[in-house]
Structures are given as structure tokens and as C-alpha cells.
Amino acid sequence: MAFIPWACLLSACFSVSLADVVSLTELFHPLWKQIPSQISDYTLENGLYLINPWVFPDRMGMYKILWSQTAHYFEEKGIPNEDNFIGAFVVFYGWLYSSGRLADPTKRTDCGYESGDPFCISVDSSWADMNYLLSVLPFLAAVDSGVMQVSSDQFKILPPPKDQTKFCFDVSTCHVAFPKSMGAWITFYQQLKLPSSSLEDMLKSFWDAYVKTLDETLKVFEDRSEYYSKAETLFLRDMYVTQRYLRASRFPATFIMSRIFVKILPPRLLVDGDRVPFIRDFTRLQNGFLLALKILHDIDNDTDMVISQPSGAERHLSCGDLFPEFRGTDESQSTTYVPAASQIISV
């Protein structure tokens with residue numbers, strides 16, 4: 001067992017990131033104002049609004065609409081919309097785009113590349129395919145739950161150019177193809193609508209639905225791994241493990257916290273020549289995070305996903321294990337650098 005000092009990474013990011021923030025609006029993707037904000041912003045054809053989740057703006061529009069439509073459920077509980085968990089989707093999707101993980105990993109097409117079609121999302125990308133289900137399933141479950149003022153007969157979700165059988169495109173087929181995921185998202189929205197629900201209750205339901213979606217869909221796209229370097233494939237695997245631990249720790253999946261979190265994620269695809277934690281074009285925080293992922297994976301293998309609160313019998317990893325600047329600090333002083341660490345993650 002070990003205590004992973006994610007707070008070392010996040011608290012360091014706070015000082016780096018928040019100093020640059022002038023207003024919340026500036027944290028959004030540069031194209032945010034051009035992204036569809038309601039169903040009627042999509043192309044209308046034969047009485048249906050067409051949503052093409054294989055282009056960047058259309059998929060982001062699903063998140064933007066969902067974020068807007070769920071806002072009042074948070075606000076009526078006194079929670080600002082910046083703390084709406086849908087904001088975490090917006091941030092992570094933006095990172096996938098900016099880091100090149102939505103582009104064609106085979107490089108047989110120009111899909112997703114600046115030199116070709118930069119807004120194209122490749123169906124050959126593992127990241128893009130899993131994110132498809134983490135956008136379409138929450139969106140359709142919200143429609144099915146009556147959370148959004150939208151009927152399923154008002155729009156049509158377009159299929160990818162190939163491998164259509166791996167995906168679903170409407171409420172009924174998604175219930176059949178991914179029943180556990182759809183059920184978990186509906187449970188989340190039911191929790192959201194309850195006046196008595198606390199932020200903790202809603203956060204638990206959100207993470208449950210998020211991880212159930214990963215669990216149910218991960219193997220569907222296993223064949224995509226051949227398109228990536230071993231380093232990137234291992235990173236995708238380790239991120240899956242990490243998100244399960246984030247669920248157990250009830251990591252606050254808010255817009256601001258997610259913006260801070262992506263600061264420590266790799267800004268590009270990993271290649272086999274990358275040596276963690278010595279990747280020259282990565283920041284110290286990004287290298288430290290990749291090292292922490294490796295440690296977490298090793299622990300996960302040793303403990304078979306046993307998650308608990310840290311105890312005196314467990315091995316504790318100090319910030320000094322990741323960052324030399326923190327070395328020379330004894331265990332009793334380590335909380336200086338890891339405020340509220342137990343609220344971030346423990347394994």
C-alpha cells in the first residue's frame with residue numbers, strides 16, 4: 001500500500017495556473033463561443049438536427065448543452081455551475097484535442113492534423129472512441145432522464161465512417177449496447193434532480209457512472225493499441241487505473257480542478273524514446289505525474305485494486321520522491337507541501 005502525493009502535483013499547479021487567470025471565461029477553449037449551445041445550433045436536415053460527434057465542435061457542443069441544461073440543478077442547491085461535474089468533460093476533451101490524441105494515429109489520413117482537417121476526430125483513435133462514449137452516453141441518458149428540454153426525436157447522431165457496430169447512436173440502441181453505463185448515468189441524473197442530494201452524493205454518482213462507462217467500453221477498442229507506441233499504450237492503461245482511484249477518493253471533478261489537473265498531463269502523444277521522468281520537452285510536473293502513474297500501476301498490481309485510507313502500517317510516498325526540492329523534509333513536515341492530501345487520493 002502507498003499514499004500517492006497527488007496534492008504535491010496539484011498544489012504546485014495551483015501556483016502556476018491560477019496566477020494566469022484573469023476571468024473564468026478565459027479558461028474556456030478558444031472556440032467556445034462558436035460551439036453549439038443548443039440543439040437548434042446544429043444543421044437541420046429533414047426535420048432533424050444533425051450532430052456529428054466526429055468533428056470537434058459538434059462533440060464539444062454536446063458537452064456545452066449538457067453543462068447548460070444541468071446548471072440549475074446545481075445552482076438550486078447553492079452550488080455554482082463552475083462546480084458542475086460536466087465541466088470536467090469539457091476540460092478533458094479540450095486536452096485530448098490540444099495534445100493530438102483525437103487525430104488519426106495511423107497517419108494514413110490527415111484527420112485531426114493542422115496540415116489537413118484539424119477538427120476531424122479519427123475513429124482509429126482509442127482516446128477519441130472512448131471519449132465518444134463518454135459524451136454520447138451521458139448526453140442520451142440526460143435526454144432519457146428528462147434532464148434536458150430536448151426530445152430524442154429532435155436530433156440524429158451521425159455514425160463514424162467505419163466500425164459503426166462498435167458504437168450506438170440513440171437512446172434505445174445505447175441501452176442495449178451499454179446497459180450498465182446508461183443505467184449508471186440515469187442514476188446520476190436522478191440523484192441530480194433530488195432536492196435532498198448533497199454535493200458528495202452527486203459526486204459519487206458521477207464517478208460511478210464515469211468508471212462504469214470505462215469498464216464497459218475499454219475492451220471494445222483494444223484493437224486500436226497497435227496504432228500507438230508502447231509508451232502511449234501504457235499511459236492509456238495507467239490513466240484508466242488512475243481514474244478508478246480518483247473515483248475512490250472522490251476527486252472533485254469541477255471545471256477549475258480539472259483545468260489544474262490537465263496541466264500535469266502529457267501535452268503530446270508519448271513515443272518509445274520518452275524516458276520518465278526525464279522527458280525534456282515536458283515540465284517537471286508532467287514528468288512527475290507520469291512517474292506517479294507508474295508507481296500507482298505497480299501498487300495496483302501488488303494490491304489487486306484494494307483501496308483504503310492511509311494507515312501507519314502503509315508505505316507513504318513523500319513529495320520528495322517525485323520532486324527533489326521537497327527532500328530533506330521529515331514526514332511530520334510533509335503536510336506543508338501537501339495540504340488536505342487525504343482528500344485528494346489515497347491507495
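**Exercise 1. Determine whether D124 is buried or exposed, and identify its salt-bridge partner.**

Step 1. D124 has a relative accessible area of 7% and is therefore buried; the term buried denotes under 20% relative accessible area, exposed over 50%, and partly exposed the range in between, with a 1.4 Å probe and protein chains only.

Step 2. The partner of D124 is K162, with 2.9 Å between the closest N and O atoms. A salt bridge here requires a side-chain nitrogen of Lys or Arg within 4 Å of a carboxyl oxygen of Asp or Glu.

Step 3. K162 belongs to the loop between β4 and α5 (171–177) and D124 to the loop between α3 and α4, so the pair ties together parts 38 residues apart in sequence. Helices (H or I, at least four residues) and strands (E, at least two) are DSSP runs, numbered from the N terminus.

Step 4. K162, at 32% relative accessibility, counts as partly exposed.

The model is predicted: local features need pLDDT of at least 70 and side-chain atom pairs count only at pLDDT 80 or more, whereas totals for chains, interfaces and linings use all residues. Residues are numbered from 1 along each chain as its sequence is written, and side-chain values use heavy atoms, with hydrogens and water left out.

**Exercise 2. State how many salt bridges the whole structure contains, and locate those of E232 and K166.**

Step 1. The search of the whole structure yields 13 salt bridges.

Step 2. E232 pairs with R101, the closest N and O atoms being 2.8 Å apart. E232 lies in helix α8 and R101 in the loop between α3 (86–98) and α4 (126–145), so this pair ties together parts that are 131 residues apart in sequence. Both E232 and R101 are buried.

Step 3. K166 meets D223 in a salt bridge of 3.8 Å, N to O. K166 lies in the loop between β4 and α5 and D223 in the loop between α7 (199–217) and α8, so parts 57 residues apart in sequence are tied together. Through shared partners, salt bridges join D129, D163, K166, D223 and R224 into one network.

**Exercise 3. Find the disulfides and give the handedness of each.**

Step 1. Two disulfides are found in the whole structure, each being a pair of cysteine sulfur atoms within 2.5 Å.

Step 2. C111 is joined to C120, S to S 1.9 Å; this link is left-handed, with -90° about the S-S bond. C111 is buried at 8% relative accessibility, and C120 is buried at 17%.

Step 3. C168 is joined to C174, S to S 2.0 Å; this link is right-handed, with 95° about the S-S bond. C168 is buried at 1%, as is C174 at 0%.

**Exercise 4. Describe the strand pairing of β3 and the surroundings of L48.**

Step 1. Strands β2 (residues 43–45) and β3 (residues 48–51) run antiparallel, joined by three bridges; strands pair if DSSP finds at least two bridges between them. E45 has L48 as its bridge partner.

Step 2. These strands form a hairpin with two residues between them, and N46 in the turn has a positive phi of about 55°.

Step 3. β3 also runs parallel to β4 (residues 155–157), again with three bridges; L50 stands opposite K156.

Step 4. L48 is partly exposed at 26% relative accessible area. Leaving aside neighbours within four places in sequence, L48 contacts T43, D153, Q154, F155 and K156, contact meaning heavy atoms within 4.5 Å.
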